[in-house]
Amino acid sequence: MQSSARPYRSVLYIPGSKERALEKAKTLPVDAIIFDLEDAVAVDEKVNARGLLAETLKTADYGPRARIVRINGLDTEWGADDVAAFVGADIEAILIPKVGSAADVQAVADLIPDVPLWAMMETPIGMLNALEIAAHPRMEGFVMGTNDLAKELKCRFRADRLPMVTSLQLCLLAARAEGIAAVDGVYNAFKDEEGLKVECDQGRDMGFDGKTLIHPAQVAIANEAFAPSAAEIDLAERQIEAFEKAEAEGLGVAVVDGKIVENLHIVTAKETLAKVAAIKSLEG
Ligand SMILES: CC(C)(COP(=O)(O)OP(=O)(O)OC[C@H]1O[C@@H](n2cnc3c(N)ncnc32)[C@H](O)[C@@H]1OP(=O)(O)O)[C@@H](O)C(=O)NCCC(=O)NCCSC(=O)C[C@H](O)C(=O)O
Ligand SMILES: [Mg+2]
């Protein structure tokens, strides 16, 4: 499945050093897994985690879940060896942390052929260069790193994420302009279901494909928030039916629920139904 067609409602981080979590992930209904070698892994465990993860991915069956490996940056002592460990591995993407420019992407591309690259968008310079990063020929997805971003911006965490909205939207604009995936940042309070739901709904309203998660308890909420709702599916079906009828009558516009429906709305309606089909196919 191509990145653009694949659902990314729930994208779960798993520390590459945690064997139990690596095992548990095989049973979780997530669309994608980020196997993390960066911030979730302590310095003393970096090398062991890389070895454990590389071996695990050779044999473990993660089913239809997209497998994404987050490496350490090339400016660290581990980055280049992390990349080397996954050359030829059966993974969907390498996720590069703290990307600031297209040159940062190219530096990883030079070390590993073919595999798609994703970027952590989490620095001020990354925000300002979002379009050139998204436009890199190997780039297929953005992940918002809202913890690092808050640290760099020196902003406060607020329930409405107002201090981050410009950054979130800059990345979304760049991702949509280049047709790549865009996944929202994590919600740190993993026991706060109501807060997570509010933030998922905000991310979905903005246009993100899904949310990155840190705990299994967050999966169901993200899956629901980022899937088309029953009302959205029903509306999409009725819009398509009404528009086809209007077209057959030689009209270019239909009316559904008192609102006009034009060809552009049909594009969205068809995308909604395609997403439903992609989710069904992923869930088997
Ligand atoms: C947050 C945690 C440290 C909590 O761990 P723990 O106390 O072990 O949780 P539980 O006891 O409730 O766990 C219950 C079972 O679930 C498994 N588990 C827990 N977390 C995960 C996970 N992420 N993936 C898979 N499985 C998980 C436990 O093993 C238990 O299993 P079992 O015993 O079999 O029942 C922990 O959740 C955790 O480490 N989460 C990941 C943290 C992480 O990855 N952080 C880095 C990414 S966030 C980031 O860096 C974003 C970005 O860069 C930015 O800047 O914003
Ligand atoms: Mg980060």
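This text walks through a predicted model, from its domains to the surroundings of ligand 1.

The protein divides into two parts: domain 1 covers residues 10-225, and domain 2 covers residues 230-282. Taken over C-alpha atoms, the centres of domain 1 and domain 2 are 33 Å apart.

Ligand 1 occupies the second largest pocket. Around the ligand there are 21 residues, of which Arg-20, Arg-70, Asn-147, Ile-214 and His-215 come nearest. Sorted by class, this shell holds 10 nonpolar, 7 charged and 4 polar residues.

Three elements of secondary structure each supply at least two residues of the shell: strand E1 (10-15), helix H1 (19-24) and helix H7 (146-153). Strand E1 gives the most, with 4 residues.

Several polar atoms of the protein can be followed to oxygen atoms of ligand 1. Arg-20, one of the residues that come nearest to the ligand, has a polar side-chain atom 2.5 Å from a ligand oxygen. Lys-24 also places a polar side-chain atom by an oxygen of ligand 1, at a distance of 3.4 Å. At Thr-146 the contact comes from the backbone: a polar backbone atom there is 3.2 Å from an oxygen atom of the ligand. How much of ligand 1 does the protein bury? Taken alone, ligand 1 exposes 1000 Å², and the protein buries 70% of that area.

To go over the site in the structure, start from strand E1, which gives 4 residues to the shell, then turn to helices H1 and H7, each of which supplies at least two.

Note on methods
Residues numbered from 1 in each chain as written. Chains lettered and ligands numbered in written order. Predicted model: local features only at pLDDT ≥ 70, side-chain atom pairs only at ≥ 80, totals over all residues. Heavy atoms only, no water. Near = heavy atom within 4 Å. Polar contact = N/O pair within 3.5 Å; in protein donor to acceptor, adjacent residues only side chain to side chain. Areas by Shrake-Rupley, 256 points an atom, 1.4 Å probe, with all protein chains shown as cover. 1 Å grid on protein atoms, 1.4 Å probe; cavity = no way out; pocket = protein on both sides within 12 Å on 5 of 7 lines; lining within 4 Å. Sits in = over half its atoms within 2 Å of the grid points. Nonpolar A, V, L, I, M, F, W, Y, C, P; charged D, E, K, R; others polar. Domains from an automatic or database assignment.
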